Amino acid sequence: MNLEILQNKKQECRTWKNVEPWYLQLQEACKIEKSDLEIDYGDWFSVGKKEDLTNDEYEVIVETAKKLIPWRKGPFKVFGLEIDSEWQSNIKYNLIRPYFNLKDKVVADIGCNNGYYMFRMLEDKPKRLIGFDPSPLTLHQFEFINHFVKSDIVYEMLGVEHLEFYNHKFDFIFMLGVLYHRPDPVGTLKSLARGLNSKGEILIDTFMIDGEDEICLTPNKRYSKIPNIYFIPTIPALKNWLERAGFENIEVLATTVTTSEEQRKTEWSFDQSLEDFLDENDKTKTVEGYPAPKRVYIKARKVL
């Protein structure tokens with residue numbers, strides 16, 4: 001597979017009718033050049049302070065951030081401007097943070113969205129950090145933040161299916177909230193294995209259903225109003241998928257129920273969020289009648 005052709009999408013998308021306004025506004029923000037900005041790697045990933053800017057520069061920042069709505073992952077503070085994203089991604093990051101050490105490792109984040117997790121990972125000082133996500137909107141959100149962070153993170157407009165053809169392998173791969181979007185989950189996990197170095201590790205999270213049987217839910221058309229959800233396994237079924245894909249040392253880190261503390265509507269997001277996806281009379285079920293979203297976090301190592 002020739003990835004160079006696909007990678008050119010990163011530039012070609014700038015001229016698409018729906019993307020060009022984001023790109024043009026981003027160029028205005030990128031005219032603001034600041035150095036030695038204060039960075040906070042905490043729950044609100046922050047770069048700069050309002051006093052670093054003139055009033056006119058701050059207005060450009062506000063206008064750019066609003067042009068790039070919806071912000072699904074975050075939260076961010078950009079020169080004091082609070083971008084309160086739909087997902088409080090700090091909750092997920094803080095949950096998985098004790099289970100990895102990225103220092104001097106080559107790391108990939110599959111389905112990286114706007115890079116919130118990667119910006120947080122910078123504190124670990126990885127050798128190389130690469131995000132994979134084909135979305136033009138999240139690319140522009142990432143570039144907006146990274147223009148001021150000035151990190152060496154590489155953002156590739158590629159998907160998990162391109163991972164094994166990339167120009168190098170990885171020591172650690174994150175794939176958070178992606179597996180249930182894939183019609184071939186075992187094939188997807190095999191792609192992760194092929195993208196890893198020897199003894200490489202993955203950390204994934206995915207929707208799950210309760211049960212000891214090795215089975216999965218296959219939603220009809222939509223799950224929690226999401227159209228592209230294919231398979232939601234029990235933990236035993238997910239472990240089987242991982243073993244078939246070439247992983248061992250499979251460790252369940254946590255299971256969580258998604259709440260409105262973690263996912264909710266804000267002025268920076270879509271008009272609907274979790275509260276609209278659940279049965280109004282029974283919050284343990286989705287509007288379609290399926291079990292409400294529950295996630296499992298798993299870490300595993302590539303079989304040598």
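1. Let us start with a word you will need: contact means that heavy atoms lie within 4.5 Å. With that in hand, look at Ser269, which touches Ile69, Pro70, Trp71, Glu86 and Arg264, leaving aside residues up to four places away in sequence. Please keep in mind throughout that this is a predicted model.

2. Where does Ser269 sit along the chain? Ser269 belongs to the loop between strand 12 (247-257) and helix 10 (274-277). Is Ser269 buried or exposed? Its relative accessible area is 9%, and buried means under 20%, so Ser269 is buried. Try finding Ile83 as well: Ser269 and Ile83 are 186 residues apart along the chain, yet their C-alpha atoms are separated by 9.6 Å.

3. Two of the residues that Ser269 touches, Ile69 and Pro70, deserve another look. They are joined by a cis peptide bond, with omega about 10°. Pro70 is in the loop between helix 4 and strand 3 (76-78). Pro75 also has its place in the loop between helix 4 and strand 3, and a cis peptide bond with omega of about 10° links Gly74 to Pro75. These spots are worth a pause because most peptide bonds are trans.

4. Now for a pair of helices. Two packed helices are described by the angle between their axes and the distance between the axes. For helix 3 (residues 20-30) and helix 4 (residues 55-67), the axes come within 9 Å and cross at roughly 155°. Angles over 145 degrees count as roughly antiparallel, and helix 3 and helix 4 are therefore roughly antiparallel to each other. The crossing of helix 3 with helix 4 is left-handed.

5. Which residues of helix 3 and helix 4 meet? From helix 3 come Pro21, Trp22, Gln25, Leu26, Glu28 and Ala29, and from helix 4 come Val60, Glu63, Thr64 and Lys67. Sorted by character, the residues of this contact are five nonpolar, two polar and three charged.

6. Next, the interior. The largest nonpolar core has 51 residues, and Val78, Phe144 and Phe174 have the most contacts inside it. Helix 7 (residues 136-149) gives the most to this core, namely seven residues. Phe174 is a good one to click on: among the residues it touches, not counting those up to four places away in sequence, are Ile96, Phe100, Leu102, Ile110, Met121 and Leu203. Another core, of 32 residues, lies apart from the largest one, and Phe132, Met175, Leu189 and Ala193 are among its residues.

7. Leu189 and Ala193 are also among the buried residues of helix 8. How many residues of helix 8 (residues 185-194) are buried? Eight of its 10 residues are, and helix 8 is mostly covered. The cover over these buried residues includes strand 5 (106-110), strand 8 (170-176), strand 9 (196-207), helix 9 (235-245), strand 12 and strand 15 (294-302).

8. Finally, check two backbone angles. Most residues other than glycine have a negative phi. Asn113, however, has a positive phi near 55°, and Lys225 has a positive phi of about 70°. Asn113 lies in the loop between strand 5 and helix 6 (116-121), while Lys225 is in the loop between strand 10 (216-217) and strand 11 (232-233). As for accessibility, Asn113 counts as buried at 13% relative accessibility, and Lys225 counts as partly exposed at 33%.

Note on methods. Residues are numbered from 1 along each chain as its sequence is written. This is a predicted model: local features need pLDDT of at least 70, side-chain atom pairs count only at pLDDT 80 or more; totals for chains, interfaces and linings use all residues. Side-chain values use heavy atoms; hydrogens and water are left out. Axes are lines fitted to C-alpha atoms, for helices over the stretch in contact, and angles run from 0 to 180 degrees between N-to-C directions. Helices (H or I, at least four residues) and strands (E, at least two) are DSSP runs, numbered from the N terminus. Angles under 35 degrees count as roughly parallel, over 145 as roughly antiparallel, 65 to 115 as roughly perpendicular and the rest as oblique. A crossing is left-handed if the near helix is turned anticlockwise from the far one by less than a right angle, and right-handed if clockwise. Ala, Val, Leu, Ile, Met, Phe, Trp, Tyr, Cys and Pro count as nonpolar, Asp, Glu, Lys and Arg as charged, and the others, Gly among them, as polar. A nonpolar core is a set of buried Ala, Val, Leu, Ile, Met, Phe, Trp, Tyr and Cys residues joined through side-chain atoms within 4.5 Å. Buried means under 20% relative accessible area, exposed over 50%, partly exposed in between (1.4 Å probe, protein chains only).
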